[in-house]
Amino acid sequence: MTTTPELPADWVRPVGSTGLRTTAVMLGCSPLGHVEPASEGVATVRAVLGSPIRALDTSNDYADGESERRIGQALAEAGGLPEDVLLVTKVDARGSDFSGRRVRDSLAESRARLGVDELGLVHLHDPEYHDFDHVTEPGGAVDTLVAARESGEVRAIGLAGGDVRVMARYLELGVFDVLLTHSRWSLLDRSAGPIIDAALEQGMAVMNAAVYGAGILVDPASTSYGYRRAPSELVEAAAAMREVCARHGTDLRTAALQFSVRDERFASTIVGMSHPDRVAATVEAATADLPADLWPELEALVPPRRVWLDA
Ligand SMILES: NC(=O)c1ccc[n+]([C@@H]2O[C@H](COP(=O)([O-])OP(=O)(O)OC[C@H]3O[C@@H](n4cnc5c(N)ncnc54)[C@H](OP(=O)(O)O)[C@@H]3O)[C@@H](O)[C@H]2O)c1
């Protein structure tokens, strides 16, 4: 029999000053768009809706829209989006088109697939793969997202992406409510330090995604980190951290998750899952009691900057 772990007092958290609320852990819906059979992805969303995790992160283009469709199916079965659940999506380019028109289409597609009339938080997704001048042109993608917030079509807007130098440039626009950074503030990589500081200085909320690097921090057999092959120093650091965790009676996945969850700068930590049984395991890991002397030992093993994603 599984028991519901006791949740910390700050499990439900504000999303900056947007008026929205999230939970310390959020379901990352990228993997569940791909998993077969599709019913497994839908069941993962259903498991989250019945759990203490009250926030979901998807995007218009995860699995070509299949992630949003599977979420939409689970929400329809549940009778609609529960009032206490934050549903986050992202606007995506189509090919090289990241125009204002494309952003309006992206919002409409997401609403239709998710089966919702209103969108709470919508991020500009992965702008680093597009020309800055195109995305920020008058009437373009950024302007259109800002206008969607002003008209009330969306409650809040965010910036979601990787490369910290490009994200820093977008942050200078000063128009976003939330920053989503990924793979760059974890046990193995600290590239995102400066953009996290910059976002917090603007009063933005920060969400930290992919704290397992979608690889070696959750799967001992993996040799990838941050969607690419990990340099040997990263693989060796992960192996050494695994031993430290075992000595302290825990495992690397739990430590990798809590490294982010215990960091008060983050409104949410976003964890990708595509199987329903991951949900209880994740809540348990997020709330497990870990010894305080684990952290300095792990800190001593952080790989050098030259092997971080944005060295
Ligand atoms: N640019 C962006 O906006 C951006 C970029 C990256 C990530 N994100 C968001 O952040 C989320 C997290 O990133 P991610 O999913 O790529 O990477 P991640 O959270 O670092 O790792 C996800 C992987 O961890 C595995 N996992 C989770 N819980 C597990 C458990 N209890 N036991 C064993 N394995 C477990 C999952 O396996 P299974 O699939 O088998 O459950 C999944 O493949 C994404 O889904 C997305 O929502 C956004």
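Colleague: In this predicted model, how far apart are N and O in the salt bridge between the side chains of Glu233 and Arg306?
Modeller: Glu233 sits in helix α8 (residues 232-247), while Arg306 belongs to the segment after α11 (294-299). The pair therefore links distant parts of the chain, 73 residues apart, with Glu233 as an acid and Arg306 as a base meeting through their side chains. The N to O distance is 2.5 Å.

Colleague: Is Arg306 buried or exposed?
Modeller: Its partner Glu233 has a relative accessible area of 27%, which makes Glu233 partly exposed. The limit for exposed is over 50%. Arg306 is at 58% relative accessibility, so Arg306 counts as exposed.

Colleague: Which residues are joined into one network by salt bridges that share partners?
Modeller: The search of the whole structure finds 19 salt bridges. Some of them share partners, and these form a network. Its members are Glu68, Arg94, Arg102, Glu109 and Arg113.

Colleague: Which helices hold Arg113 and Glu68?
Modeller: The side chains of Arg113 and Glu68 meet in a salt bridge, at 2.8 Å from N to O. Both residues are buried. The pair ties together parts that are 45 residues apart in sequence, because Arg113 lies in helix α3 (residues 100-114) and Glu68 in helix α2 (residues 66-77).

Colleague: By about how many helical turns are Asp105 and Arg101 separated?
Modeller: Asp105 forms a salt bridge with Arg101, and the closest N and O atoms are 3.6 Å apart. Asp105 is partly exposed at 31% relative accessibility, whereas Arg101 is exposed at 55%. An α-helix has 3.6 residues a turn, so residues three or four places apart point the same way. Asp105 and Arg101 are 4 residues apart in helix α3, so the separation is about one helical turn.

Colleague: How many disulfides does a search of the whole structure find?
Modeller: Cysteines do occur in the buried part of the model: Cys29 has a relative accessible area of 1%, and Cys245 has 0%. A disulfide would need two cysteine sulfur atoms within 2.5 Å. The number found is 0.

Colleague: Which residues have the most contacts inside the largest nonpolar core?
Modeller: In soluble globular proteins, nonpolar side chains tend to be buried together. The largest nonpolar core here has 85 residues. Leu56 touches residues including Cys29, Val45, Ile71 and Val88, leaving aside those up to four places away in sequence. The residues with the most contacts inside the core are Leu56, Leu124, Leu187, Leu188 and Leu298.

Colleague: How many of the 10 residues of helix α9 are buried?
Modeller: Asp251 caps the N-terminal end of α9, with a side-chain oxygen 3.3 Å from the backbone nitrogen of Arg253. Among the buried residues of the helix are Leu252, Thr254, Gln258 and Phe259. Helix α9 (residues 252-261) is largely enclosed by the rest of the structure, because the number buried is 9.

Colleague: Which residues does Pro127 touch, not counting those up to four places away in sequence?
Modeller: Pro127 is found in the loop between β6 (119-125) and α4 (132-135). Pro127 is buried, since its relative accessible area is 0%. The residues it touches are Phe98, Leu159, Ala160, Met167 and Tyr170.

Key. Residues numbered from 1 in each chain as written. Predicted model: local features only at pLDDT ≥ 70, side-chain atom pairs only at ≥ 80, totals over all residues. Heavy atoms only, no water. Core = buried A, V, L, I, M, F, W, Y, C linked by side-chain atoms within 4.5 Å. Buried < 20%, exposed > 50% of the residue type's maximum accessible area, 1.4 Å probe, protein only. Contact = heavy atoms within 4.5 Å. Salt bridge = Lys/Arg side-chain N within 4 Å of Asp/Glu carboxyl O. Helix = DSSP H or I, 4+ residues; strand = E, 2+ residues; numbered from the N terminus. Polar contact = N/O pair within 3.5 Å; in protein donor to acceptor, adjacent residues only side chain to side chain.
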